[in-house]
Each structure stands twice: as structure tokens, then as C-alpha cells.
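Me: Here is a model I would like to go through term by term. Please set each value against its definition.

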Amino acid sequence: MLRPTGVFVFGAAVLFTASLSPTLINALDNGVGKLPALGYNSTFLVIPPENNFDQRYRIVAAWNAYGCNINEDLVLESAQLMVSLGLQAAGYEYVNIDDCYAEKNRSAGGDIVADSVRFAQGMKNLTDQIHALGFKTGIYSDSGWFTCGGYPGSFQNELRDATTFQDWGFDYLKFDNCAIPFDDIIREGMIGKYTRMADALAQLSKSSGQPPFLFSLCQWGWEQVWLWGSTLGHSWRVTGDIAPDWDSLAYIINFNSFITQATSFYGHNDMDMLQLGNGGLTFDEAKSHFTAWALMKSPLLIGTNLSAITPDILQILTNTEILSINQDPVVGESISPFRWGINPDWTSNSTFPAQYYSGPSENGTVFMLLNTLNETSDMFFNLTESPWIRAGRQYSVRDLWTHTDNGTAVRNLTAANVPPHGVVALLLEDAGDEPAGIFPPCAVWFNCAYENGTAAN
């Protein structure tokens, strides 16, 4: 609970100490945000690939998709396109407005005010129309003085702004990390800074009787957010801003591959917006991008111009077999690597992230084979390298991209001719005991022995 050292006054320089309140923790476990968010985002930030900064510390340099050129007609049109293109039917449920929706200054009473030209009919009118289409709606703010686009941030106005967003009809809040107050003003670490809004959202839900917002922490993976993000919100960015190029994707996949344990029901590592449709990716890279984000249980927020989307990109985004793993109602955990990198001892190589992943699901074991090489490759593994596979059993193989049943795998599996930066996604289901008489008597023979101690080979 936020505990003021003085009387709480909106806009006054009141100092707080933060601790996690039972009210807040309970609010996060009430059905909101159990599964990764699926939706559309009106605008977002990316960094050009020529910037040679460590991606965790990249400085915002460019807009992608629409940038600040958003308005109520564009947002509503995007929602309507989500229906007509079949995205809503595939499970996408949020229509989110990012930065640049507000006037540059608050009202005389201290409230955030929607841009009077670009959102002339008011936010409540817009959210009503979007809700009528069957969607939920999301809005954006910042933990600092200003947003990353220079609009009013929510520091020292957390409850006021949360109340405004609820009155406008929003269900989701993305909370950014720009224009941070000086240390002698904020006197908080990252946890305390984000606790301010998390606590305001919990307080608002309790006082209003309305469901809490889905709360998305966008603080770029600083201060090991994957260790504490689930105590405050439903998702948390794990790196700096994404870009529509393979190097950016590889960086994020590699980084996230070491912290997959942080993702489960009600809390998800957020690998940033989907770049499909924004150029810079081959078709196979786009498939790999979507597959990795989906199977690692990241939120999936589309960030492209839907009026210009191509059939191949739409086909990727509406792969319901991949989406069903992301939205698994029984298993909340991410897939994880069982081999890292391409080095001989399977140790990490950040340029070539882990290629072999697996994880449990409601209907079997999921495998992702990611060819991070720059040439076509055959990808081989022993089934029991995955901890979710039982020895001595055979498994039916379902290809989640070709949508075909591909026979039975016994002990090992090879995916042939995986394209450069391409992906194979498989669902393996137990199909009974493996055939008798196979030699050697175990797949990884040097790990096994007969009862008398003789080696199995």
C-alpha cells in the first residue's frame, strides 16, 4: 500500500514509501490478465537497426506504423478491420491506443484531456463504439512527468489518471518509463515507482466495484523486472524497443530464453509488439517471430496498418493452432530451451539464440525448432532431451504450421530443410509404448546400463 508521509494531494510534491499491499496482490488474481493479452495497438516506438546501442538501453528515436498520426476514426476503423479480417474470431480482444492521444497540458482542474481535434467526439464515445464491436480497450500513460511522446505523464496523479481512464471506458493500461523525476523528488526505486500506479488501480477497483485494469509494465526490462513484475502487473517488457529486423528478434528471443520461468498465469514476460507487416522481415522470419512470441506466452499485440495487411501476414496472425498454445487455459508456462545456442556444448551465443525449445500444454508437449542460422538446416534431437517426454514411449506428431498429422516419432525426430531463420512448431502426444526390440535399449545409450552394470552400448 502507498503510505504518504503527509496528506495526499493531487499534483503536490508528496513523498511516498512503497510496499506490496494485500489489496493489490489479491486484485491481480481475480481473472484479469490470466492469459497473455491478444489485441491491436495503434502506435508504438521502435529503434532503427543502425543504432548500435545495447538494446536494453536504446533511446527512443523513431515511430513505426502510424506514430502520432492517430485519431478516433483510425482507431475505430482498425477495430472494424479486426472483425472483418477475422482477427477477432481468432481471439484478439483488445484495441489499444498508445501515446499522443492527449492535449499537451492538463485541464485547469488537473485532469488529462483528450486531444480536442483528433478525438473530438471524446474517448467515452470511442470506447463505447469499440465495446459494441465486442472488444476491450486499452490506453497509455507514463510513470514519469511526461510520456515518451512529451504528453502528460501520471507521476503524482496516479489515482486521478486511473479514474479518468476508467471513466473514459478503458480496460487496459500500458505504463511507460520516460521523464523520470530526479532522485531527490521521487525517492523510489523502480518497484516503488510502478507500485504507485499499481496501488492506484487496486484502490480504484475496490472503491468503484469495477474489475481492475489489465496492467502492462513498459519499463524495458530494467531492474530485473521478471523477478517482481508479477506482484504489480500482468505483463512486463523484458527488453528495449523492438525493430522489424532479424537481429532485433534474435536479441529479444535470446534474452527471454533465460527468464522463461517468470511467465505463468496472471504474469507474462512481454517481448514487445508484433512487427509482422512492417517490412524488414522475410516470410519465414515473420513466422518465427510470431511463433516464438506465442509459444513463449508473450502478449500478442499487432502493430501494423490493418488496411494494408497482406494475406500471408494475416495467415500467420490467425494461426489458431499456435494461438491456442498461447491461450492454453490449463498450462500457463512458457516453452523453454533444452539446448542453448550453436556452440558444441550448447552454451549461449547471443547472435544465434537457442534453437530447440519445449514445454507442456493441455494436449501434449510443444516443440519449437528455430533455425537461427543463415542457411537451410536439418534439425535433429532426441525426444527425451525435453523434460516433458517419457522414455520408452512413442509420440504422434502434429505440425502446427502445415496443420498436418505427420506420423509417429520414436526416440528422435528430424525436421528437414528448415529455412534460414525459419521455424517448425510441433505438438507431440503420447501414443503408447515404443515398438519392442529397438537397439540400443535407450535413446541416449551412454546414460543407460543393464542391471549388472554393463553399459547399454
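Reply: What follows takes the sheet and then one pair of helices.
This is a predicted model, in which local features need pLDDT of at least 70, side-chain atom pairs count only at pLDDT 80 or more, and totals for chains, interfaces and linings use all residues. Residues are numbered from 1 along each chain as its sequence is written, and side-chain values use heavy atoms, with hydrogens and water left out.

Me: How do you know that β7 and β8 pair?
Reply: Two strands (E runs in DSSP of at least two residues, numbered from the N terminus) pair if DSSP finds at least two bridges between them. Five bridges join β7 (residues 136-142) to β8 (residues 172-176), so the pair meets that definition. The two strands run parallel, and Gly138 stands opposite Tyr172 in β8.

Me: What is the strand order of the open sheet, and what makes β11 and β12 its edges?
Reply: The eight strands follow the order β11-β10-β9-β8-β7-β6-β3-β12, with parallel pairing. β11 (268-270) and β12 (300-302) each have a single partner strand, so one side of each lacks a neighbour in the sheet.

Me: Why are α8 and α9 called roughly parallel?
Reply: The axes of helices α8 (residues 246-257) and α9 (residues 283-295), H or I runs of at least four residues, come within 11 Å and cross at roughly 20°. Axes are lines fitted to C-alpha atoms over the stretch in contact, with angles from 0 to 180 degrees between N-to-C directions. Angles under 35 degrees count as roughly parallel, so α8 is roughly parallel to α9.

Me: Which residues of α8 and α9 make the contact?
Reply: With contact meaning heavy atoms within 4.5 Å, Trp246, Leu249, Ile252 and Ile253 of α8 meet Glu285, Ser288, His289, Ala292 and Trp293 of α9.

How values were computed. Angles under 35 degrees count as roughly parallel, over 145 as roughly antiparallel, 65 to 115 as roughly perpendicular and the rest as oblique.
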